[in-house]
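The following exercises concern a single protein chain. Please inspect the sequence and the model before reading each worked solution.

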Amino acid sequence: KTIKKLTGSIGGNGDVGPIYGELTMGSMQKMVNMMIEHCGLNSKSRFLDVGSGIGKPNLHVAQHPGVSFSCGVEVQESRWALGLACLKSVLAVTLEQDANDAAMEAASRLRG
């Protein structure tokens with residue numbers, strides 16, 4: 001949801017138009033499932049996406065299966081910059097959610 005707010009659904013506003021070759025979230029999940037089943041992709045794996053566009057696959061595998069390292073390489077500056085903006089937004093939302101979770105847990109302890 002965070003990335004969709006910045007980029008739209010498919011495309012990502014790359015260099016004067018949609019990014020080519022982008023997968024839907026469902027299709028990406030199918031690819032991840034295949035890599036888990038056939039290549040042993042897991043939390044100890046490293047993931048490299050050459051021609052990563054705005055980095056959606058990197059963020060996807062960072063969440064599931066939670067690879068130890070995920071790196072995207074993109075030479076088109078506008079896509080790279082949009083990818084950094086997406087990463088910063090995801091990190092900000094994650095930090096906010098973690099802070100809210102910690103506050104709820106602390107409040108629960110005080111009540112109980």
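## Exercise 1: Salt bridge

A search of the whole structure finds one salt bridge, a term that denotes a side-chain nitrogen of Lys or Arg within 4 Å of a carboxyl oxygen of Asp or Glu. The structure is a predicted model, in which local features need pLDDT of at least 70, side-chain atom pairs count only at pLDDT 80 or more, and totals for chains, interfaces and linings use all residues. Residues are numbered from 1 along each chain as its sequence is written, and side-chain values use heavy atoms, with hydrogens and water left out.

Task: Determine which residue forms a salt bridge with Arg-109, and state where both residues lie.

Solution. Step 1: the partner of Arg-109 is Glu-105, and their closest N and O atoms are 2.2 Å apart. Step 2: both residues belong to helix α4, where they are four residues apart, about one turn of the helix. Helices (H or I, at least four residues) and strands (E, at least two) are DSSP runs, numbered from the N terminus. Step 3: Arg-109 counts as exposed because its relative accessibility is 62%, whereas Glu-105, at 43%, counts as partly exposed. The classes are buried (under 20% relative accessible area), exposed (over 50%) and partly exposed in between, with a 1.4 Å probe and protein chains only.

## Exercise 2: Overall organisation

Task: Establish what pattern the protein chain follows along the sequence and how many helices and strands it has.

Solution. Step 1: the count gives four helices and two strands. Step 2: their order along the sequence is α-α-β-α-β-α. Step 3: of the 112 residues in the protein chain, 24% are buried.

## Exercise 3: Strands and crossover

Task: Describe how the side chains alternate along strand β1, and in which sense β1 and β2 pair.

Solution. Step 1: in β1 (residues 46–50), Phe-47 and Asp-49 point to one face and are buried, while Arg-46, Leu-48 and Val-50 point to the other and are not. Step 2: β1 pairs with β2 (residues 69–73) in the parallel sense over five bridges; pairing requires that DSSP find at least two bridges between two strands. Step 3: the bridge partner of Asp-49 in β2 is Gly-72, and that of Val-50 is Val-73. Step 4: the chain passes from β1 through helix α3 (residues 56–63) to β2 in a right-handed β-α-β crossover. Right-handed here means that, with the strands pointing away from the viewer, the path from the first strand over the helix to the second runs clockwise.

## Exercise 4: Helix α3 and the loop after it

Task: Decide whether Val-61 is buried or exposed, and list which residues Val-61 touches.

Solution. Step 1: Val-61 is found in helix α3 and counts as buried because its relative accessibility is 0%. Step 2: leaving aside residues up to four places away in sequence, Val-61 touches Met-28, Val-32, Leu-41, Phe-47, Gly-66, Val-67 and Ser-70, contact meaning heavy atoms within 4.5 Å. Step 3: in the loop between α3 and β2 lies Pro-65. The peptide bond from His-64 to Pro-65 is cis, with omega near 15°. For context, most peptide bonds are trans.

## Exercise 5: Two sites in helix α4

Task: Identify which residues make the nonpolar surface patch of about 360 Å², and classify Arg-79 as buried or exposed.

Solution. Step 1: the patch is made by Trp-80, Leu-84, Leu-87 and Leu-91. Patches comprise residues with over 30% relative accessible area and no salt bridge, like charges being joined within 9 Å and nonpolar side chains (Val, Leu, Ile, Met, Phe, Trp, Tyr) within 5 Å. Accessible areas come from the Shrake-Rupley method with a 1.4 Å probe, and for residues only the protein chains shown count as cover. Step 2: Leu-87 lies in helix α4 (residues 77–111) and is partly exposed, with a relative accessible area of 35%. Step 3: Arg-79 also lies in α4, and counts as buried because its relative accessibility is 10%.
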